[in-house]
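Reader: Please show the structure, and then take me through how its chains are built and packed.

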Amino acid sequence: MALSIVHRATGVALYFGTLLLAWWLIAAALGPAAYSYVQAFTGSIIGRLIVFGYTWALMHHMLSGIRHFVWDLGYGFKANEREALTWGALIGGIALTVLIWIIAYAIGGGR
Amino acid sequence: MSASETPKRSMRTPLGRVRNLGAAHSGTSDFWRQRMTGVAMTLLILPVLVVVMMTLGSNQAGAKVILGSLPVAVILLLFIFASAWHMKIGMQVVIEDYVHNEKVKLASVMLNNFFAIAVALASTYAIFKLSSGV
């Protein structure tokens with residue numbers, strides 16, 4: 001498994017993804033007109049896909065980062081442990097992303 | 001190494017001059033801060049997700065009330081501060097790994113700093129504006 005490049009790629013994606021977070025907050029501060037643009041974007045198919053991708057990048061990068069933290073502390077270097085940590089980050093990232101979106105739709109975010 | 005090979009006259013040994021300095025030529029402080037901000041964001045991610053979920057389905061007036069409340073503002077400010085710092089360090093590592101032209105590298109690192117600070121300040125200003133109601 002060579003997932004360290006995915007950790008880096010998701011990090012770079014999140015770097016530019018912070019523009020979305022900033023846009024959302026600035027629009028909320030500016031007023032209803034600015035905020036309606038954000039809602040139009042997040043309500044569109046492409047916008048929703050981008051936010052979904054952002055959610056996955058965030059969850060994967062977080063779990064993959066925890067994996068690196070375990071290594072920094074000097075644990076998890078055996079072959080089977082490395083595999084388990086890597087698969088855990090990969091599967092965990094997808095699972096958390098799906099879970100977050102199920103909750104979001106369940107509380108009415110899909111409108 | 002003989003004395004004639006040492007570029008500058010110094011009491012420090014060649015090893016002593018480079019010890020604890022990585023590719024960034026600045027030591028381990030960025031390494032430590034990247035871990036610290038990463039841990040901070042991991043601790044903050046659940047409250048941040050709850051805040052985002054709370055605003056779903058509400059219009060600007062509703063979002064303003066939620067985002068302007070004190071606990072939410074503090075959670076978001078901490079998260080933005082940690083993420084701006086974290087991404088600044090992370091992108092600098094990427095630049096140092098892939099950009100080998102010294103001038104382009106310095107310009108890229110500078111742009112990276114501008115971007116991180118701009119995103120952080122713009123978001124912070126927005127939260128202050130939402131909190132004060134001006």
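The questions below go from chain A to its helix pair, the core and the contact between chains.

Author: This is a predicted model, in which local features need pLDDT of at least 70 and side-chain atom pairs count only at pLDDT 80 or more, while totals for chains, interfaces and linings use all residues. Residues are numbered from 1 along each chain as its sequence is written, and chains are lettered from A and ligands numbered from 1 in the order in which they are written.

Reader: What pattern does chain A follow along the sequence?
Author: Helices (H or I, at least four residues) and strands (E, at least two) are DSSP runs, numbered from the N terminus. Chain A has four helices and zero strands. Read along the sequence, the pattern is α-α-α-α.

Reader: What radius of gyration does chain A have?
Author: The radius is taken over C-alpha atoms, and the globule rule is 2.2 Å times the number of residues to the power 0.38. The C-alpha atoms of chain A fill a box of roughly 55 × 25 × 20 Å along the principal axes. A compact globule of 111 residues would be near 13 Å, but chain A has 17 Å.

Reader: At what angle do the axes of α1(A) and α2(A) cross?
Author: Axes are lines fitted to C-alpha atoms, for helices over the stretch in contact, and angles run from 0 to 180 degrees between N-to-C directions. The axes of α1(A), residues 4–30, and α2(A), residues 32–43, come within 6 Å and cross at roughly 145 degrees.

Reader: Which residues of α2(A) meet α1(A)?
Author: Two residues are in contact if their C-beta atoms, placed from the backbone, lie within 7 Å. From α1(A), the participants are W23(A), W24(A), A27(A), A28(A) and L30(A). Their partners in α2(A) are A34(A), Y35(A), Y37(A) and V38(A).

Reader: Which element gives the largest share of the largest nonpolar core?
Author: Such a core is a set of buried Ala, Val, Leu, Ile, Met, Phe, Trp, Tyr and Cys residues joined through C-beta atoms within 7 Å; buried means 20 or more other C-beta atoms within 10 Å of the residue's own. The largest core has 37 residues, and L25(A), A28(A) and A84(B) have the most contacts inside it. The largest share, ten residues, comes from α4(B).

Reader: Which helix supplies the largest share of the side of chain A that touches chain B?
Author: The contact takes 28 residues from chain A and 25 residues from chain B. On the chain A side, α1, α2, α3 and α4 each give two or more residues. The largest share, 13 residues, comes from α1(A).

Terms used:
A residue is buried if 20 or more other C-beta atoms lie within 10 Å of its own, exposed if 12 or fewer, and partly exposed in between; C-beta atoms are placed from the backbone.
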